[in-house]
Every structure is written in structure tokens, then in C-alpha cells.
Amino acid sequence: MLLNPFRPGSYVPAVIKTGHGLQVVAPDTPYVAAAGPDKLYFIDTRFDSKTAKHVKEQIEKATIPNPEEYIAIDEISATAELKNSVTGETRFVFDPTYARVLFAKGINRHNPELKLPEHEPAGDWLVTYNLEKALTKPREEGETDASYYESMDKLHWA
């Protein structure tokens with residue numbers, strides 16, 4: 001049984017406008033990670049919060065675009081870093097265990113001898129939201145962000 005209030009299918013996220021378009025926002029909990037512009041990844045609540053926060057950080061660093069950063073993958077050591085494209089500075093080093101999961105397909109393509117396991121899609125843990133709905137319901141005068149998004153219909157699943 002999931003113990004946290006953020007369950008796939010029942011949570012309606014906040015949506016913000018960014019330079020890349022609309023973006024869902026993960027709530028301030030270690031058990032939900034933003035996994036793309038229209039996706040949230042619900043992390044297993046059986047993890048302690050420290051482990052869940054670590055998982056969340058790995059997912060968000062791998063999937064949230066930043067125009068000045070890129071992921072540098074070392075196919076020989078099967079590791080990855082997030083680097084600044086202007087300065088070359090390393091901004092984040094992926095935990096090697098997660099790098100081998102998150103980037104297995106690319107690592108295997110460039111170093112097939114490693115034969116890293118390529119995992120199936122995240123299934124019910126990964127929810128895709130229809131961001132167009134966020135634009136179709138007019139906001140009522142005085143309505144807060146929270147009440148606006150809570151009042152929208154249930155969004156569709158991936």
C-alpha cells in the first residue's frame with residue numbers, strides 16, 4: 001500500500017510556463033520526480049525518504065532540460081555527468097548505479113561489450129499529463145494555483 005498522498009492517477013500537478021513551453025512541477029516531496037515536460041515519476045514509498053530523495057535527484061537531473069547543460073556519458077566506465085556547455089564545469093555526477101540504468105541503451109550502443117540490462121518502461125510509476133488541459137479551463141477571479149489545478153478534470157495516463 002502506498003503511504004504517501006501523491007499517487008499515480010490521483011495527483012493533479014501544478015503546471016508552469018517555461019522557455020521550453022509548459023512544464024509539470026513535482027510536489028515538494030521526495031516521492032515524486034519531474035521526469036520530463038509532461039511527466040511525473042512516482043517513486044516507491046517503501047524507500048526511506050533519504051533514498052527516495054536520491055532517486056528523485058537522479059531522475060530529475062537526467063530528464064529536466066537546461067539549455068546550458070548536457071549529459072556527458074563515458075561508455076567505457078559506464079558513468080555519466082551533467083556538464084555546463086559553456087564552461088565545461090561538471091555540475092552533477094550521476095550515481096554509477098543509476099547511470100547504468102538511466103543511460104543503458106546509449107552506453108550499450110557505444111560499448112556493446114558491457115551488455116548492461118535495458119529496463120522496461122516505468123509503467124504505472126510514470127504518469128504523462130495532458131498539458132493542453134491546463135490551458136483550456138479559464139482561471140476564476142481570486143482562484144489560487146492549488147485550487148485551479150485541483151479543479152481540473154483527471155488528466156490522462158501514459
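The following paragraphs lead through a predicted model, from its sheet and hairpins to an aromatic cluster and a pocket. Because the model is predicted, local features need pLDDT of at least 70 and side-chain atom pairs count only at pLDDT 80 or more, whereas totals for chains, interfaces and linings use all residues. Residues are numbered from 1 along each chain as its sequence is written, and side-chain values use heavy atoms, with hydrogens and water left out.

A convenient place to begin is the open sheet of 3 strands, which has the order β3-β4-β8 and antiparallel pairing; strands here are DSSP runs of E with at least two residues, helices are runs of H or I with at least four, and both are numbered from the N terminus. Two strands are taken to pair if DSSP finds at least two bridges between them. β3 (32–36) and β8 (126–128) stand at the edges, and because each has a single partner strand, one side of each is left without a neighbour in the sheet. Neighbouring strands of this sheet are turned by 30 degrees against each other on average, direction ignored. β3 pairs with β4 (residues 39–42) in the antiparallel sense over 4 bridges, and the bridge partner of G36 is K39 in β4. Helix α1 (residues 49–63) packs on this sheet and touches β3 and β4, its direction making about 15 degrees with that of β3; contact means heavy atoms within 4.5 Å, while axes are lines fitted to C-alpha atoms, for helices over the stretch in contact, with angles from 0 to 180 degrees between N-to-C directions.

Further along the chain, β5 (residues 69–74) and β6 (residues 79–84) pair in the antiparallel sense over 6 bridges, with E69 standing opposite N84 in β6. The hairpin of β5 and β6 has 4 residues between the strands, and A78 takes a positive phi near 55 degrees. β6 is also joined by 3 bridges to β7 (residues 90–93), the two running antiparallel, and the bridge partner of K83 in β7 is T90. β6 and β7 form a hairpin with 5 residues between them, where G88 in the turn has a positive phi of about 80 degrees.

The aromatic side chains come next, with rings of Phe, Tyr and Trp (its six-membered ring) counted as a pair if their centres lie within 6.5 Å, and with planes under 30 degrees apart called stacked, over 60 edge-to-face and the rest tilted. By this rule there are 2 aromatic pairs. The rings of F92 and F94 have centres 5.0 Å apart and planes at 90 degrees, so this pair is edge-to-face. F94 and F103 form an edge-to-face pair as well, at 5.1 Å centre to centre and 80 degrees between the planes, and F92, F94 and F103 form one aromatic cluster. Buried means under 20% relative accessible area, exposed over 50% and partly exposed in between (1.4 Å probe, protein chains only); F92 counts as buried at 9%, F94 at 1% and F103 at 12%.

Finally, α1 returns in another setting, since α1 gives the most to the lining of one pocket, the largest, with 4 residues. Other elements that give two or more residues to this lining include β4, α2 (96–102) and α3 (104–110).
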